[in-house]
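Please walk me through this model, beginning with one helix and what surrounds it, and moving on to a sheet and what packs against it.

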Amino acid sequence: MQRRHAIILVSVLLVLALGLAGAFLFLPAWQARDPQAIPTAPASPGAASASSAAASDPASAAAAGAPAASAAGLASIRVGSYNLAIFGSTKVARTATLAILARIAQTYDLLAVQEVGSNASTAGDEACEAVLEAFVARINEDAGPGVYAFVRGDQYAFIYRQDKLTAAKAGLYEGREAFTYRPLLAYFQVKDRPLDFLALTIHTRPGLAKAEVPALARAMDELASSLGEADVLCLGDFNADGSYYAEGPGQSLAGFPEARYVTLIPNEADTTVAAASLAYDRMEASASLREDWTGAWGVVRPGSLWDLSACEGGADSAGTERALSDHYPVWAEFSALRDTD
Ligand SMILES: [Ca+2]
Ligand SMILES: [Ca+2]
């Protein structure tokens, strides 16, 4: 018995030592947070909340997308996700279409985009980089020099306001789960505010959504654990509806149990231009983001906000929402002040 106890003690000490060594190695690469910046108690919830119905209303979406307060007065951030539908050199050269896409992007502090360069990983890295640079340059023509920046990988990118957010640790997902198009991961910290979180953007392969959507939930847990940040926001084109995925009976997406995840874009949402009501585009959050989400979310229908008649496109898309994309942008709002983890 004595010897067994000794072995257990040595094993425990070894595990502790390895854990400390791992943390030590990890910290220099990861921007350590200032513990002083974390509030001892969350701010009163609900102050900035809006009903999902009101938030879905394009007019209220436009109002919420009005130029936000300066970083000094920043109480919340708006995060969007948009499948840009084969966003390559052809679409970037369509000036009227690009102008509307740039206006849409400016309604967010952080926007995850998919299909940059192509609908898979086939476009070259240089081509994808050039397309994103052209897009962000067009956004900054309106927003101001250097207001927006981006991080990207394969056909994904996060476009974000540099005056409100800092990005770190960006790169393609390299964890245990298998995805046809490896998601892009980045860590975001709201400047001078408690809110920080990991963002993971994905475009699932439609035919494999049944396997890849539940794998996203596991990847979120994995990243929270391996990177030491509880708040994980997974957003993108999940293909989580219709014939590709059984979304489940309620409003929460199947595969993301309510005890451990928050479905921000519910099953009732309609995120595609097609006549059928399909919630392909999603945002799933870890339970620890429940304290940070204001409750506001929405799906933007560009045709109800902007005149698209000049938008260039193909014979069946010019002048219509399809000139922009066959998807709608989806968004959610988060308090910058309440984060406790
Ligand atoms: Ca956090
Ligand atoms: Ca949190």
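**A helix and its surroundings**

In helix 6, the residues Cys 128, Val 131, Leu 132, Phe 135, Val 136 and Ile 139 are buried (20 or more other C-beta atoms within 10 Å of the residue's own, against 12 or fewer for exposed and partly exposed in between, with C-beta atoms placed from the backbone). This is a predicted model, in which local features need pLDDT of at least 70 and side-chain atom pairs count only at pLDDT 80 or more, while totals for chains, interfaces and linings use all residues. Residues are numbered from 1 along each chain as its sequence is written, and chains are lettered from A and ligands numbered from 1 in the order in which they are written.

Viewed down the axis of helix 6, the buried residues fall within an arc of 125° (taken from the directions from the helix axis to the C-beta atoms), so they line one face of the helix. The face turned away from that buried side carries the exposed residues Glu 126, Ala 137 and Glu 141. Among the elements covering the buried residues of helix 6 are strand 1 (76–87), helix 5 (95–105) and strand 3 (148–153). Helix 6 is followed by Gly 144, whose phi is positive, near 120°.

**A sheet**

Elsewhere, an open sheet of 6 strands has the order 5-6-7-8-10-9, with mixed pairing (two strands pair if DSSP finds at least two bridges between them; strands are DSSP runs of E, at least two residues, and helices runs of H or I, at least four, numbered from the N terminus). Strand 5 (165–172) and strand 9 (261–263) stand at the edges, each with a single partner strand, so one side of each lacks a neighbour in the sheet. Strand 7 (residues 196–203) and strand 8 (residues 232–237) run parallel and are joined by 6 bridges, and Leu 200 has Cys 234 in strand 8 as its bridge partner.

How values were computed. Contact = placed C-beta atoms within 7 Å.
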